[in-house]
Every structure is written in structure tokens, then in C-alpha cells.
Amino acid sequence: MGRIRLPSFAETIRFRLSLAFAVVVFAVGAAAIAGVFLYENSTLVEPVIMAEKKIVRDLATGELTEVSVIFPEESQRVMAEKVELDAYRRALNSLRTSSFLALGILFLAAFGSGWFLSGWALKPVRSMTAVAQGITGSDLGRRIGMTGPRDEMRDMGDTFDSMLDRLEVAFDDQRRFVAEASHELRNPLAVARTNLELALQGGDDEEIRTAAAIAYDAATRMSGMVDELLDQARESLPVNASETVDLGDLARSVVQDFRASARQRGLRLEVRADPVEVTGDRLALRRAAVNLVSNAIRLAPEHSTVTVSVAKAEDGRAQLAVEDVGPGLTPDQRTRVFDRFWQGEGQEGRGAGLGLAIVKRIAERHGGTAEVVPAGDGSRFVITI
Amino acid sequence: MVDDEADLAEAIGKALRREGYAVDVVHTASEALEITVYTPYDLISLDLTLPDGDGRTICRTIRAEHEHQPRILMLTARDDIEERVAGLDDGADDYLVKPFALPELFARVRTLLRRDADVAIGAELEIAGLRLDTAAHRVVWKEAEIDLTAKEFSLLRFFMTNADDVHSQEQLLEHVWDAAADPFTNTVRVTVGTLRRKLTAATGLQWIETVIGAGYRFVKEPVPG
């Protein structure tokens, strides 16, 4: 046997509130009336005949007996009281009938006013529901915008609105990211596709080979971008581990990994790392250091020196810096270098332009900063945590 | 063809040349603005993100300042509606998103160039019974196909698109040959000559007049000759 299915109007909170209100009022009213009846009933007492006792002597036997004597006045009084009592009883009975009727009316009236009051109190909830129903991922522009006194409902509405604000920002950010990422992926895709299409339309061997080489480069570029995009997506997650990380050790191990590629470009890779401990996400911090060092190695002029240093700043904060001697950045480039998808001009083997954006994000997630300052002809990228 | 992706620009240039168009390729905004001032291009394919500027600015500059108004096709990886609308509002004639299929690019190029011609029916140009199919690369006179080289075909396409106008040798060189053509050769005169001979041989009519001191005119009402 399943649960009894209530009609749909009975499932609303408004109905239940009204019903509960009516039941409470009814119960209080019924108790009050019952009390009144019990009290009144207790005051109605049967009249008692008052008799006078007399001692009578039997003249024959001389025996003494006690007898009650009712005088006619007394009998009349009792009769009158009985009539009176009867009238009271009948009045009380009739009052009881009308009280039951009144209780019924009270119940209905309580239900009605409960219905009205709860409807009034729930009105903001209904308008919030209407707004929430109108909101979709593509239209987060609607707001409840509650007015009136600063009460619980207004608080709730405002909380709802500010949540929508944050959601809208996040959605916009996401949309922009997707648009930018797809733009970055479409370019190499177009390069590969057009060259292959051209080669397939009756190209000779040499042409096909050239197209294949170009498509291969484009694919390499795309896979680099996909890696960076995945990193970026992962970096949007909160810091997942709070461990003690020695930035000095970390810098030395990153530099070790890059020795070979530095040698290929004839670069000197120097490291000056004090042991400095910070609390944070070891993998993320390592990713930040890797991005900075690989950037410097990719762009520094050949046969120059790239210096990685870790030290404690005067205010006690930890600093990881990567410094090169060229090619340097203009002030305008310095303001944009941490932007997502920003690309320097004429860079060889460029990535998606996400590396430094990721560095900045990681620094900020650790409550720190990432900045770039000019250093001689080159630049000095500093993460401060 | 303006695009900073050299591998893409060269491939598109090559593909369009195969279709019989004369194509010049540049990779930067400054080059684009410079060559479009001096050369009256029929169509410019414009990438929106260039290292030294953005394509929309180039488009607006050409529309506002240049004497010669080419057709402009925006060819870009940006695909949001806002970007397309903004591009078209800046004066572009068409908008194509990368990556694209070459046949679609060809079709759009044909459509854009056809807009100048008042003799176009679909992909065909038709003058006095002479039909040129821009898509199939065929020239037909009374059910018989006339065999033309790629250059002759391009020249005839240009003539038929601008019928009854007089074109100097320099103009023909600019529209039918690319920037690599040597302006001092007699290649224009030779190609016009062979085209004229082939048309007359096939149709028995004189289509191309020589206007002394001015150049050549392709006539809409050819005379027997």
C-alpha cells in the first residue's frame, strides 16, 4: 500500500501553513470554550431542602424521636431554585450548540486568513522562483532586485543576486576562454587542412612531402597548445595540497631538468638558491618555475646566461626569480605579458600564450604575486609568495 | 591574401593560382595597407589578427581612404557572432571562418567577383551566347567547348566581368597577373592576341577591340570578322 496521494493544492507550503494555523486557532478556541463549560457546569448545584429538626415525644410510649419538618416556605424556595437551574441548563445547552458552530466558523476564518497571510509572506519566494526559472547558462543577466525593508526575504534575494553576479563573471570568463582557445587551435588546424587539401588535389611527390611537413609542424603546435589548455583547466582548481615546499630545492631540480635544452641553445643556466620554505601546492609551484625557465630558455639570445634565484625578501616573503639578458620587453608588453593568449612578436615555436598566465594564476592562488621588471637589456620575472 | 600564418597564406595563394587567379601574398598589416594603395585589387582576403595590427582597422582604412574599392573577404579563426557582425559592419563583403574547405573558399571568391559583373547567371557569365562557367572552368559557344589555357581563361573571365570597359595593358597586368609578373614583357599583348584568335576561330566573331592608345575592350555585341 503506497502513501495516500494528496491533491496538488494540498502539497503546497501555503496550504499546510494555513491548515496548521487553522488547527492551532481551532484547538485554542475549543480548549477555551471547554474550560468555560466545565467551570459553568461546576457552579450549577442541585438545591437542597432545608428541614428543621424537632424532637417529638410519643405520648403513648414516652419515647423521644427526631423528625424533620419542612415548612411550606422552604418548599417553595426549593421549587423556585429548581426552575432556575433548569433554565440555566437549557441556556448552557443552547450555548454549547452555538459554540460548536462558532468553532467551525473560527476554523474556516483562521484557514482563510492563514491562506492570505502565508500567500503574502511567500510572495518574494514566488518572484525568486520566477527569476530562477528564467535563468540559463546563456542568460545570466536577470536579477531579483528586491526592494523594501532589510528583512530575511530581502537578505535571501540579495544573496541570490550576488551569487548570480559571481556566476555570471565565471561564465563570461569561461566563454572568453573557450573563444580564445578555439581561435588559437583553429589557426594551426587551418594550416594543416589547407595544405593537405591542396596536396591531395593532384600535387606531386615533393608537394605532398612539403604539405606533410607543414601539417606535422601544425600538429606539434596544436598538441603543445592542448597540453597548455589542459594545464590551464587544471590550474582553475583550488590549491589541493598544502605542504611545506623548499623553493630552493625546487628551483635546483627544475634547472637540472632544463640543462640539456639550455646547452642545445648554447645558454648558461645559473642557479643561486637559498633554502626558503613556503606552504603550498608542490606540483603547481613546480609548474610555475618550469614555465618561467622554459620561456627564458626559448627566448634568450644564444650564448647568454639565464639566472634562476630563490631568496627571502626583506619582508620575509619568498621570491623565485628568473632573469635573462634579452631580448627584453617594452613597457606595453610588460603590462600584457601575463595575459592569457598573449604572444610576443616573431617568436619562434610559439605556444598558446598561456605559460605566463598560468604562472600568475599559481602565484595568486598562493596569495602571492607574479611580476616582471626590466633588468639590463633583459627581463626579470619574479614570483613572490 | 593577407595572413600572418605563412604556411596557410602560401597554400591558399597556390590553390587560388591553380584556379587561375593572380594572387599576391603579404603577412603584415603595414604591407597590406601599402600594396592596396598602389594596386587596384579585385578581392582582398584579410586575416583579423596580424602581428602589427588588426584586420578590421585595415578594412576600415581601405573603405574610408582608398580610392580603389576591392571586395573584402575576412578569413579568420574568430567565429563568434559579434565578431562576424563587426567585420561585416566594418565594410567586409564576406566572412569565412578557419578552418575551411578549399571548394567553399573558391565558391565564395567566385561569388564575390561575380558581383561586379552584370552578365552573371549563377556561376556562369554569358555574353551574346558565349558562356563562361567560373566554377567548372569551361568556355562554351553553341554547345562546343573552346579550349583555353589557364591564363587565357583568367583574362577572358576578367574581360567578361568588365565587358564594354576599356582596359590598358597595365590594368590587365594588375588584375590578371600577380605582382611577380614582369611589367616590361609583352606577355599581356601576346595573351590578348592568342585569346582573340581562339575566340574568333571558334565563333566567327570579333570580341576584343583594340582601342588605339588606350588598350582593349571586350564588346557585348561582337561583329562578324
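How many residues do chain B and chain A each bring to the contact? The contact takes 21 residues from chain B and 19 residues from chain A, where contact means heavy atoms within 4.5 Å. The model is predicted: local features need pLDDT of at least 70 and side-chain atom pairs count only at pLDDT 80 or more, while totals for chains, interfaces and linings use all residues. Residues are numbered from 1 along each chain as its sequence is written, chains are lettered from A in the order in which they are written, and side-chain values use heavy atoms, with hydrogens and water left out.

About 1900 Å² is buried between chain B and chain A, and carbon and sulfur atoms give 55% of that area. Buried area here is the accessible area (1.4 Å probe) that two parts lose on being put together, summed over both. On chain B, the residues B:Glu5, B:Arg18 and B:Pro99 supply 29% of the area buried against chain A, more than any other three residues.

Four salt bridges are counted between the two chains, each a side-chain nitrogen of Lys or Arg within 4 Å of a carboxyl oxygen of Asp or Glu. One of them joins B:Asp79 to A:Arg186, with the closest N and O atoms 3.0 Å apart. On the side of chain B that touches chain A, the elements giving two or more residues are α1 (6–18) and α5 (102–114) of chain B; helices (H or I, at least four residues) and strands (E, at least two) are DSSP runs, numbered from the N terminus. The largest share, seven residues, comes from α1(B). By class, this side of chain B has twelve nonpolar residues, one polar and eight charged; Ala, Val, Leu, Ile, Met, Phe, Trp, Tyr, Cys and Pro count as nonpolar, Asp, Glu, Lys and Arg as charged, and the others, Gly among them, as polar.

Chain A contains an open sheet of five strands with mixed pairing, in the order β4-β6-β7-β9-β8; two strands pair if DSSP finds at least two bridges between them. Because β4 (268–273) and β8 (369–375) of chain A stand at the edges, each with a single partner strand, one side of each is left without a neighbour in the sheet. Within the sheet, β6 (residues 305–312) and β7 (residues 318–323) of chain A pair in the antiparallel sense over six bridges. A:Thr307 has A:Glu323, in β7(A), as its bridge partner.
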